[in-house]
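Colleague: Please take a close look at the aromatic residues in this model and at what surrounds them. A connected account would suit me better than a list.

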Amino acid sequence: MTSDRFSTLSRVWAGLALTAVTLLGLLGLPRFRERARANSAMLNDLLPVHSKWWREHGDVEGELVYVAVGDSAAQGIGASRPDLSYVGILADHLRATTGRTIRVVNLSVSGATTKLAVRDQLPRFRSLHPDIVTVAIGANDIANWNPDAFGRNIRTIFAALPHDAIVADLPCFHLRHNERKVTVANRILREIARQHDLTVVPLHALTRQQGLVGILTQFAEDMFHPNDHGYRVWAAAFRPALDTLLRRRGLVHDEARAATSVVGGAR
């Protein structure tokens, strides 16, 4: 057995154990309910840690400014380090692709809904002059789903974005009752994005494609937030649109352009 296959199997077994704990906890079995609560509490303890990390790094100057609007996923809750969130991964990709220093202003707030993003993040966003903008917001709206309110808030957020901002649709929730709401949310989101001529990246399709193995290997202890592997999938959803934007604006560094040409020629 190869080491990669053994590693994957190990992650799958760990995911099965975690899923079992979560499901048994939801069924009300005291031992497993307390275990599931402890797993969630462990991630909750990271909220101020990640928030402080992003605030401190947001003050670091850079030749290009990358601004992220979002919720706990942009904060990187569930990742082993804040910079291993999809925002951190994309920031590293920007540095490598452009050959420039990047200032990352992560406006995201853990637990943010679209309503809270309008209230708390948009005022700060309007004071900035970003070169790159990504938005992933709306997953927290599903718990108390109100399609009319969601549409109003998304419209307000998208109207404040530059025309070349990159927005994600909602990820796959996998559970049927939530997926019905997500389908409606993504239809609303894509229609409003079309009206504002914004690029929408297929986060839902890519996370759904991960299937059962993705469910078992790409979630953190609370079975809601992505882990390091899951955040790499999120970043992969954004990367093609981000690369297209950088090429269109002439921001691809010569060495990165050469590497892309070599890869393309090897196909």
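Modeller: Rings of Phe, Tyr and Trp, with the six-membered ring taken for Trp, count as a pair if their centres lie within 6.5 Å. By that criterion, ring pairs join Tyr86, Tyr231, Trp234 and Phe238 into a cluster. The model is a predicted one, and a search of the whole structure returns 5 aromatic pairs.

One of these pairs is formed by Trp53 and Trp54, which are edge-to-face because their planes stand at 85°, with ring centres 4.8 Å apart. Trp53 is partly exposed, at a relative accessible area of 23%, whereas Trp54 is buried, at 4%. Tyr86 and Phe238 make a stacked pair, with 5.2 Å from centre to centre and 5° between the planes. This pair links distant parts of the chain: Tyr86 belongs to helix H5 (residues 86–98) and Phe238 to helix H11 (residues 228–248), 152 residues apart. Tyr86 has 0% relative accessibility and counts as buried; Phe238 is also buried, with a relative accessible area of 1%.

Trp54 leads on to Gln75, since Trp54 is among the residues that Gln75 touches. Gln75 lies in helix H4 (residues 72–75) and is buried, at 3% relative accessibility. Leaving aside residues up to four places away in sequence, the other contacts of Gln75 are His50, Ser51, Pro82, Ser85, Asn106, Ser108 and Ser110.

Another part with a clear buried side is helix H6 (residues 114–125). Its buried residues are Thr114, Ala117, Gln121, Leu122 and Phe125. They lie on the same side of H6 because they cover an arc of only 105° around the axis. The face turned away from that buried side carries the exposed residues Lys115 and Arg119. Strand S1 (64–70), strand S3 (132–136) and helix H7 (147–159) are included in what covers the buried residues of H6. The end C-alpha atoms of H6 are only 14 Å apart, where a straight helix of 12 residues would span 16 Å at 1.5 Å a residue.

Two loop residues are worth noting for their backbone angles. His174, not a glycine, has a positive phi near 70°. His174 sits in the loop between strand S4 (166–168) and helix H8 (176–195), and is partly exposed at a relative accessible area of 29%. Asp197 is likewise not a glycine and has a positive phi of about 60°. Asp197 is in the loop between H8 and strand S5 (199–201), and is exposed, with a relative accessible area of 60%.

As for the chain in which these parts sit, it has 12 helices and 5 strands. Of its 267 residues, 45% count as buried. Among contacts with a separation of 6 or more, 77% involve residues 24 or more positions apart. The chain exposes about 13900 Å², of which carbon and sulfur atoms supply 56%.

Key:
Residues numbered from 1 in each chain as written. Predicted model: local features only at pLDDT ≥ 70, side-chain atom pairs only at ≥ 80, totals over all residues. Heavy atoms only, no water. Helix = DSSP H or I, 4+ residues; strand = E, 2+ residues; numbered from the N terminus. Buried < 20%, exposed > 50% of the residue type's maximum accessible area, 1.4 Å probe, protein only. Contact = heavy atoms within 4.5 Å. Areas by Shrake-Rupley, 256 points an atom, 1.4 Å probe, with all protein chains shown as cover. Expected span 1.5 Å × (residues − 1). Arc of directions from axis to C-beta. Phe/Tyr/Trp six-rings, centres within 6.5 Å; stacked < 30°, edge-to-face > 60°.
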